[in-house]
Amino acid sequence: MGYNEADTRAKLIDPTIHSIGWTENLIRREVTAGTIEIINGRPKRKNGRTDYLLCLSVKNGIPLAVAVLEAKKEDEHCTVGLEQAKEYAQKMNVPFVFATNGHMFVEYDYFNEKVSKELPLDKFPKPEFIKKAYEKGKGLNFEGEKTKALFVSYRGGQSERRYYQDAAIRAALEKIASNKKDWNRVLLSLATGSGKTRIAVQMLHKLEQSGQLKRALFVCDRNELRRQGYGSLFSAFGDDAVEFSKSKKWQNARLVVATYQSLGLDEDGDEGYFLKTFKKNYFSHIIIDECHRSAWNKWSIVLTNNSDAVQIGLTATPRKISGEKSNEKNKDEEISKNNIKYFGEPVYEYPYIRGWEDGYLAACEIVKRKADIDDEWLTKDELVERGVYDAKTGKPMLLSDVKEVYTKNDFDKKLIMPDRRMAMCKDLLKQFEKTGGVKQKTIIFCVNDKHAEDVAIELNNLYKERGLSKCEKFAFKFTAKTFSIGSSDETQEALLANMRALKNSHFIATTVDLLSTGVDIPRIQNIVFFAYVKSPITFYQMVGRGTRIHEASDKYMFRVYDYTDATRLFGKEFITKPRSTPSKPSDKESTQKIAKVYGFKVAIQNEGTFILMRDKMTGKEKPVTLEEYKEKLAETLISEAENIELLREMWISRDDRKHLIEALPGGEQGAKLLRKLLNLEDCDLFDIFAEVGFGVAPKTRTDRVLAFDYKNKKWLKSLPDDAESVVKSLAKQFEVNGIEELESSNVFDIGEVRRAGGIKSLSRIGTDVAGIVTEIKMRLLEA
């Protein structure tokens with residue numbers, strides 16, 4: 001039997017490639033966050049996947065990643081796992097992929113998109129060869145001034161970034177340093193919660209340290225985004241960063257943080273102030289936060305007046321315009337709105353589904369509900385018969401004021417039905433009660449300001465009716481109109497602070513779109529759709545409010561309660577039609593009264609519970625029911641392990657277990673989310689897979705440890721007394737965190753194991769310690 005992966009790397013691969021020139025300083029280990037287990041009531045983050053990257057060291061001793069090195073077991077073909085390694089290379093933003101079993105290797109080159117023939121490992125390419133191929137493929141020169149930023153260390157050291165943040169920064173700096181025609185236009189697309197502002201800060205730091213940054217503008221469209229951006233930039237650059245306003249002195253600052261509105265570029269503003277204040281090409285670098293925004297008609301002057309600047313767009317949802325038609329007058333507007341056309345394809349993408357699989361973003365459970373009345377078309381005759389009133393005056397509406405037909409898209413916009421609203425609010429609180437109680441931090445997306453107000457009132461009334469403990473503000477409205485007319489007794493900042501805080505108030509915010517983007521509230525547990533949503537961009541921005549992990553409050557997942565089928569938009573392209581000049585509404589449309597009608601009996605239907613899976617064809621996330629996921633999981637399990645005995649053998653081998661999990665739909669994160677939703681968190685994943693794939697009833701970790709003692713009495717008694725105690729104490733560690741607990745490097749340092757005699761007593765058996773641990777694992781997993 002050949003070496004396992006770890007031994008193949010240590011004893012065969014490392015010595016060979018070291019002799020070729022790949023010394024230890026040119027090999028970097030990138031470890032993802034890993035999944036989080038709740039053990040004894042406390043969260044514990046497991047080690048994530050480790051990828052080995054080959055690097056170049058050209059300047060300052062700073063390693064630049066250029067290749068993934070995938071090691072396989074000695075007795076496997078070297079091509080095994082190459083496809084998976086290619087996916088890792090994309091994640092890491094490296095162009096070369098090598099897979100080897102310690103004897104032979106193959107290479108995949110993203111520049112040529114070809115797989116090499118199998119070659120002996122001693123023919124592995126030298127660093128100098130890879131350096132030249134990298135320079136040629138990327139269209140850059142390591143001796144050039146613009147490549148210096150690639151070799152500037154991170155502010156705070158390498159630990160101050162995650163692997164995908166490093167990949168995104170390298171991708172941006174590579175394009176800036178390249179000889180491409182559009183070298184100064186860069187688009188980065190990363191999921192909400194992945195740290196786009198942190199990326200911007202580190203990128204500006206590298207550009208500044210390499211002497212390329214003269215003056216930079218960080219521009220956004222909301223005050224909350226400006227505050228967040230300024231706080232991060234000030235912590236890195238101190239007084240060199242300043243928030244722009246007409247009353248502040250900003251002329252000596254190297255980094256200006258501004259909203260378009262503060263630059264005089266609001267919808268009613270005049271470009272004159274901006275052009276007078278900032279001469280042409282005043283900024284050397286511009287970072288546009290949330291660059292997917294569609295209202296660029298006044299804002300594109302920031303880019304066109306700084307055409308020589310490096311322009312970096314940050315977004316979670318890069319917009320494309322379909323059916324685009326633009327004349328010269330609207331050319332700048334249309335080009336700017338079309339992110340892809342203006343910036344080019346994103347140089348790096350990190351979607352939500354990858355962030356979840358990596359353990360950096362919260363898992364998502366989708367609970368779909370529906371008001372039965374949403375399937376109906378309500379006719380004028382039906383409404384008149386029930387009694388239809390003017391929503392503002394309360395007076396009966398004339399027949400001429402009532403539309404012929406109202407559909408679900410009219411609800412709460414042109415037709416208010418209090419019965420429907422009450423039914424949805426009651427149902428929502430019932431759902432909350434199933435998952436820990438009604439006091440959960442929640443954002444509800446509503447149709448308009450009035451709807452948001454009505455929903456908040458309804459929820460507060462329902463809370464009072466439950467006779468629960470006094471709550472200062474259970475539900476509250478948070479809309480642009482709230483603050484524009486001064487109808488709130490708290491400022492926007494105070495409401496957000498209270499929503500973020502751990503206090504007995506401010507649990508549910510009802511909003512339209514003010515909380516849809518740019519607001520960081522990590523504690524959010526639920527996103528609720530009471531409004532019908534058509535735009536995938538808007539939808540993803542809304543869902544993004546829940547994707548952040550918040551370890552302080554043990555928040556590792558969030559729920560989407562979908563009453564309007566909004567989650568159908570998961571995985572859709574971010575495409576919108578070009579904005580056309582709206583036609584002037586007819587007199588009838590402009591005076592259309594909002595109808596209100598009572599007397600409907602509304603039932604809320606259960607539309608199922610879903611989780612997200614990566615679609616193999618598109619690479620995007622898509623909702624699937626728990627049953628669909630279990631079917632796909634079973635199908636993969638049976639193809640990888642033909643029977644329960646083979647599954648058991650694979651599970652006790654660290655390498656085989658890792659490859660099995662990686663092959664499963666949703667990977668380890670998907671399996672653990674399924675375990676949570678099935679209320680089987682006290683089981684090892686082995687038992688989840690045994691049930692799903694082979695119909696074997698699951699056993700808890702505790703049950704398996706108890707069974708280990710009585711099922712193996714004869715074997716245990718055959719051991720020396722002190723060794724028997726050690727074996728039992730080792731088996732008991734399975735109860736803590738399953739099979740991986742026995743593979744921990746410090747398992748023999750655990751107090752219980754050490755007191756039983758530890759590794760010294762175990763060694764008296766005469767068998768190697770690793771063999772004994774393997775035997776314990778096998779016996780624990782026996783039925």
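This note goes through the sheets, some loop residues and a cavity of a predicted model.

1. The eight-stranded sheet. An open sheet is built from 8 strands, and its pairing is mixed. Read across, the order is β24-β25-β23-β26-β27-β18-β30-β31. At its edges stand β24 (475-477) and β31 (621-625), each of which pairs on one side only. Between neighbouring strands of this sheet the average turn is 25 degrees, with direction ignored.

2. Strand β23 and its partners. β23 (residues 442-445) runs parallel to β25 (residues 508-511), and 4 bridges join the two. In this pairing isoleucine 444 stands opposite threonine 510, and isoleucine 443 stands opposite alanine 509. β23 also pairs with β26 in the parallel sense, again over 4 bridges. Here isoleucine 443 faces isoleucine 527 of β26. Isoleucine 443 thus has a partner in β25 and another in β26.

3. The two faces of β23. In a regular strand, side chains alternate between the two faces of the sheet. In β23, Thr442 and Ile444 lie on one side, with Ile443 and Phe445 on the other. Are these four residues buried or exposed? They are all buried, and both faces of the strand are covered.

4. Helices on the eight-stranded sheet. Helix α13 (residues 418-434) packs on this sheet and touches β18 (363-371), β23, β25, β26 (526-529), β27 (557-562) and β30 (604-614). The direction of α13 makes about 145 degrees with that of β18. Helix α19 (residues 626-640) also packs on the sheet, where it touches β30 and β31. Between the directions of α19 and β31 the angle is about 100 degrees.

5. The three-stranded sheet. A further open sheet has 3 strands in the order β20-β29-β22, with mixed pairing. β20 (388-390) and β22 (415-416) each have a single partner strand, so one side of each is left without a neighbour in the sheet. The pairing of β22 with β29 (residues 595-597) is parallel and covers 2 bridges. One bridge partner pair is leucine 415 and alanine 595, the latter in β29.

6. The loop between α16 and β25. Serine 505 is located in the loop between α16 and β25, and so is histidine 506, with α16 spanning 492-500. Serine 505 has a relative accessible area of 0% and is therefore buried. Leaving aside residues up to four places away in sequence, serine 505 touches Lys441, Cys471, Glu472, Lys473 and Asn498. Histidine 506 also counts as buried, at 0% relative accessibility.

7. Positive phi values. Most residues other than glycine have a negative phi. Which value does phi take at histidine 506? Phi of histidine 506 is near 55 degrees, a positive value. Asparagine 281 likewise has a positive phi, of about 55 degrees, although it is not a glycine. Asparagine 281 belongs to the loop between α7 (271-277) and β14 (285-288). With a relative accessible area of 26%, asparagine 281 is partly exposed, whereas histidine 506 is buried.

8. Aspartate 454. This residue is part of helix α14 (residues 449-465). Buried means under 20% relative accessible area. Aspartate 454 has 10% relative accessibility and therefore counts as buried. From aspartate 454 to lysine 477 the separation is 23 residues in sequence and 8.9 Å in space, C-alpha to C-alpha.

9. The second largest cavity. The structure holds 3 cavities of 30 Å³ or more. The second largest cavity encloses about 90 Å³ of space. Its lining consists of Arg28, Ile62, Pro63, Leu64, Leu150, Tyr154, Gln158, Asp166, Ile169, Arg170, Leu173 and Lys206. By class, the lining residues are 7 nonpolar, 1 polar and 4 charged.

10. Elements around that cavity. Which elements each supply at least two residues of the lining of the second largest cavity? They are β5 (63-71) and α4 (163-177). The largest share of the lining comes from α4, with 4 residues.

Methods. Residues numbered from 1 in each chain as written. Predicted model: local features only at pLDDT ≥ 70, side-chain atom pairs only at ≥ 80, totals over all residues. Heavy atoms only, no water. 1 Å grid on protein atoms, 1.4 Å probe; cavity = no way out; pocket = protein on both sides within 12 Å on 5 of 7 lines; lining within 4 Å. Points joined across faces, edges and corners; volume = space filled by probe spheres on them. Nonpolar A, V, L, I, M, F, W, Y, C, P; charged D, E, K, R; others polar. Pairing = 2+ DSSP bridges. Axes fitted to C-alpha atoms, helices over the stretch in contact; angles between N-to-C directions. Contact = heavy atoms within 4.5 Å. Buried < 20%, exposed > 50% of the residue type's maximum accessible area, 1.4 Å probe, protein only.
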